[in-house]
Amino acid sequence: MSINIESLTLAELREIARLGQVLAGQVLSSCGDCFPFKTGDIVLIRTVTHYYVGRIKAWDAQGIVLSEAAWVADTGRFGTALVSGIVSECEPYPDDATPYVARGAIVDAVQFKATLRVVK
């Protein structure tokens, strides 16, 4: 089957875009069960620009809400930080702050074995 893209109407293009969003939402929601962490887990998250450490307060298909969180300016030796739970430099969020990390910005995340008190 061949479709001439040049002949599509604006309404048809909008419908194609809507279907793409629906399909993307189904993929994300069907993968929700395969999210490797659960509420209460402590994680170290690497995004395209920063690192964050915190306890997962909530999550959905779009992002993760952290409590007891800190922005990590420098992990030091990454493997050492994962084993020891100690990072070289971090900036804790205030206790009442709950940062939201967009899942689209996440490069990787790993369960952080240390308690957050060691990091802070």
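Colleague: What makes E68 and R55 a salt bridge?

Modeller: Look at how the two side chains meet: the N to O distance is 2.9 Å. The cut-off is a Lys or Arg nitrogen within 4 Å of an Asp or Glu carboxyl oxygen, so 2.9 Å passes and the pair is called a salt bridge. Keep in mind that we're looking at a predicted model.

Colleague: Where in the chain do E68 and R55 sit?

Modeller: E68 is in strand β3 and R55 is in strand β2, 13 residues apart, so the pair links distant parts of the chain.

Colleague: Why is E68 called partly exposed?

Modeller: Its relative accessible area is 29%. Buried would need under 20% and exposed over 50%, so 29% lands in between and E68 is partly exposed. R55 gets the label by the same rule, because its value is 26%.

Colleague: How do you know that β2 and β3 pair?

Modeller: Count the bridges. Strands pair if DSSP finds at least two bridges between them, and 7 bridges join β2 (residues 51-59) to β3 (residues 63-74), so they pair. The two strands run antiparallel, and A58 stands opposite V65 in β3. With 3 residues between them, β2 and β3 form a hairpin.

Colleague: Which other strands does β3 pair with?

Modeller: β3 pairs with β4 (residues 89-92) over 4 bridges, in the antiparallel sense. There, the bridge partner of V72 is C90. β3 is also joined to β5 (residues 100-102) by 3 bridges, again antiparallel. Set against the cut-off of at least two bridges, 4 is enough for β4, and 3 is enough for β5.

Colleague: What is the bridge partner of G63 in β5?

Modeller: That's A102. G63 itself belongs to strand β3.

Colleague: Buried or exposed: how does G63 count?

Modeller: G63 has 1% relative accessibility, and buried means under 20%, so G63 counts as buried. Here's another thing to find on the model: the C-alpha atoms of G63 and A105 are separated by 9.0 Å, with the two residues 42 apart along the chain.

Colleague: What makes R46 and D108 a salt bridge?

Modeller: Their side chains meet at 2.4 Å, N to O. That is within 4 Å, so this pair also passes the rule. R46 lies in strand β1 (residues 42-47) and D108 in strand β6 (residues 106-111), so the pair ties together parts that are 62 residues apart in sequence. R46 has 27% relative accessibility and counts as partly exposed; D108, with a relative accessible area of 27%, is partly exposed too.

Colleague: How many salt bridges are there by this rule?

Modeller: The count comes to 3. Another of them joins K38 and D41, whose side chains meet at 3.2 Å, N to O.

Colleague: Why is K38 called exposed?

Modeller: Exposed means over 50%, and K38 has a relative accessible area of 54%, so the label fits. D41 is at 8%, which is under 20%, so D41 is buried.

Colleague: What makes Y51 and F78 a pair, and what kind of pair is it?

Modeller: Their ring centres are 6.1 Å apart, and the limit is within 6.5 Å, so the rings pair. Their planes stand at 40 degrees. Under 30 would be stacked and over 60 edge-to-face, so at 40 degrees the pair is tilted. Y51 is in strand β2 and F78 in helix α2 (residues 78-84), 27 residues apart. The structure holds 1 aromatic pair.

Colleague: How do you know that R46 lies over the face of F78?

Modeller: R46 is 5.2 Å from the ring centre, and the distance cut-off is within 6 Å, so it meets that part of the rule. F78 is partly exposed, with 29% relative accessibility.

Colleague: Which residues form a nonpolar patch on the surface?

Modeller: L10, L13 and I16 do, with about 280 Å² of accessible area together. A patch residue needs over 30% relative accessible area, and L13, at 39%, clears that, so L13 can take part while still being called partly exposed. L13 lies in helix α1 (residues 10-30).

Colleague: What pattern does the chain follow along the sequence?

Modeller: The pattern reads α-β-β-β-α-β-β-β-α, which comes to 3 helices and 6 strands.

Note on methods:
Residues are numbered from 1 along each chain as its sequence is written. This is a predicted model: local features need pLDDT of at least 70, side-chain atom pairs count only at pLDDT 80 or more; totals for chains, interfaces and linings use all residues. Side-chain values use heavy atoms; hydrogens and water are left out. Patches are made of residues with over 30% relative accessible area and no salt bridge: like charges are joined within 9 Å, nonpolar side chains (Val, Leu, Ile, Met, Phe, Trp, Tyr) within 5 Å. Accessible areas come from the Shrake-Rupley method with a 1.4 Å probe; for residues, only the protein chains shown count as cover. Buried means under 20% relative accessible area, exposed over 50%, partly exposed in between (1.4 Å probe, protein chains only). Rings of Phe, Tyr and Trp (its six-membered ring) pair if their centres lie within 6.5 Å; planes under 30 degrees apart count as stacked, over 60 as edge-to-face and the rest as tilted. A charge sits over a ring if NZ of Lys or CZ of Arg is within 6 Å of the ring centre and within 35 degrees of the ring normal.
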